[in-house]
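Trainee: Got a minute to walk me through this one? I'd like to see how the parts fit together.

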Amino acid sequence: MVHGYGLKLGKTLIQFYYNLIIFSGMLMFRTGWKDGDDLSDYSSSGVWESIRAREPEVDWYNIVWFGQCIPRHAFFMWLIMRQKLMTQDKILQWNHTRNNNMNMICCLLCYEDIDSHHHLFFECKFSAQIWDRVRIEAGMRNVDPKWSAIVDWLRHRARSKSAANLICRLIVAASAYAIWRERNTRFFKNHARPPENVCDSIFDMVRYKLMGLKFKNTPKVRALLDKWKIHGDSVVDDGG
Ligand SMILES: [Zn+2]
């Protein structure tokens with residue numbers, strides 16, 4: 001006898017079922033998953049494939065998500081790419097009856113404009129100072145402090161698996177994360193750091209990540225790791 005529970009997603013009926021069968025004299029319990037006409041044994045990955053929402057693949061996914069990413073930075077990058085951060089320009093859009101407090105809103109990093117995705121990454125004077133310094137370490141010294149320019153630059157090199165390219169992606173993500181964190185620390189804790197300190201925290205985050213990775217043992221990679229003051233056999237590995 002087959003028992004089951006159904007779930008209607010769009011025109012597709014997804015059904016979890018279980019079946020009691022007798023095998024070699026023993027009563028067995030068997031579970032399965034039915035997605036439309038497809039019947040398969042139950043697995044969490046199969047269920048996920050059935051119920052997850054699908055959208056067209058974006059051309060920037062591999063500058064956000066990659067094997068050696070720092071997960072919280074990658075998630076933050078995704079929020080920026082989707083313009084999901086609760087920036088001041090959005091808050092002002094929702095508040096149609098601007099009161100005095102709302103009129104006083106301004107970017108807590110430069111105090112010159114309201115903050116927005118474009119402003120924070122990296123057109124704000126404070127953020128631009130950070131970008132001026134980190135882009136040198138990232139080998140992106142000709143890239144302007146504009147999110148679109150940075151994403152374009154990374155996207156053209158997204159398929160590269162070189163250590164230098166990995167460092168670029170880590171630095172960009174760490175910089176955006178550190179700027180947002182600095183902005184929130186100023187707002188919630190009234191504590192401000194100068195851009196030099198924020199830069200130092202960015203380099204620390206990237207360096208700690210690099211220390212835990214394995215790289216091919218080539219002169220170019222060794223020179224790059226030396227620059228980041230990373231030494232030792234545990235880091236450089238012939239296996240790639
Ligand atoms: Zn600003």
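Mentor: Sure, let's take it question by question. This is a predicted model, where local features need pLDDT of at least 70, side-chain atom pairs count only at pLDDT 80 or more, and totals for chains, interfaces and linings use all residues. Residues are numbered from 1 along each chain as its sequence is written, and side-chain values use heavy atoms, with hydrogens and water left out.

Trainee: How many helices and strands does the chain have?

Mentor: Helices (H or I, at least four residues) and strands (E, at least two) are DSSP runs, numbered from the N terminus. On that basis, the chain comes to eleven helices and four strands.

Trainee: Are helix 8 and helix 9 roughly parallel or roughly antiparallel?

Mentor: Two packed helices are described by the angle between their axes and the distance between the axes. Axes are lines fitted to C-alpha atoms, for helices over the stretch in contact, and angles run from 0 to 180 degrees between N-to-C directions. Helix 8 (residues 147-156) and helix 9 (residues 163-189) pack at about 155 degrees, with their axes 11 Å apart. Angles under 35 degrees count as roughly parallel, over 145 as roughly antiparallel, 65 to 115 as roughly perpendicular and the rest as oblique, so helix 8 and helix 9 are roughly antiparallel.

Trainee: How many residues in the contact of helix 8 with helix 9 are charged?

Mentor: Contact means heavy atoms within 4.5 Å. Helix 8 brings Trp147, Ile150, Trp153 and Leu154, while helix 9 brings Cys168, Arg169, Val172 and Ala176. Ala, Val, Leu, Ile, Met, Phe, Trp, Tyr, Cys and Pro count as nonpolar, Asp, Glu, Lys and Arg as charged, and the others, Gly among them, as polar. The split is seven nonpolar, no polar and, for charged, one.

Trainee: Is Met140 buried or exposed?

Mentor: Met140 is found in the loop between helix 7 (125-137) and helix 8. Its contacts, not counting residues up to four places away in sequence, include Ile150, Trp153, Leu154, Cys168 and Val172. Buried means under 20% relative accessible area, exposed over 50%, partly exposed in between (1.4 Å probe, protein chains only). At 0% relative accessibility, Met140 is therefore buried.

Trainee: How far apart in space are Met140 and Cys168?

Mentor: Cys168 is buried too, at 4% relative accessibility. In sequence, Met140 and Cys168 are 28 residues apart. In space, C-alpha to C-alpha, the distance is 7.7 Å.
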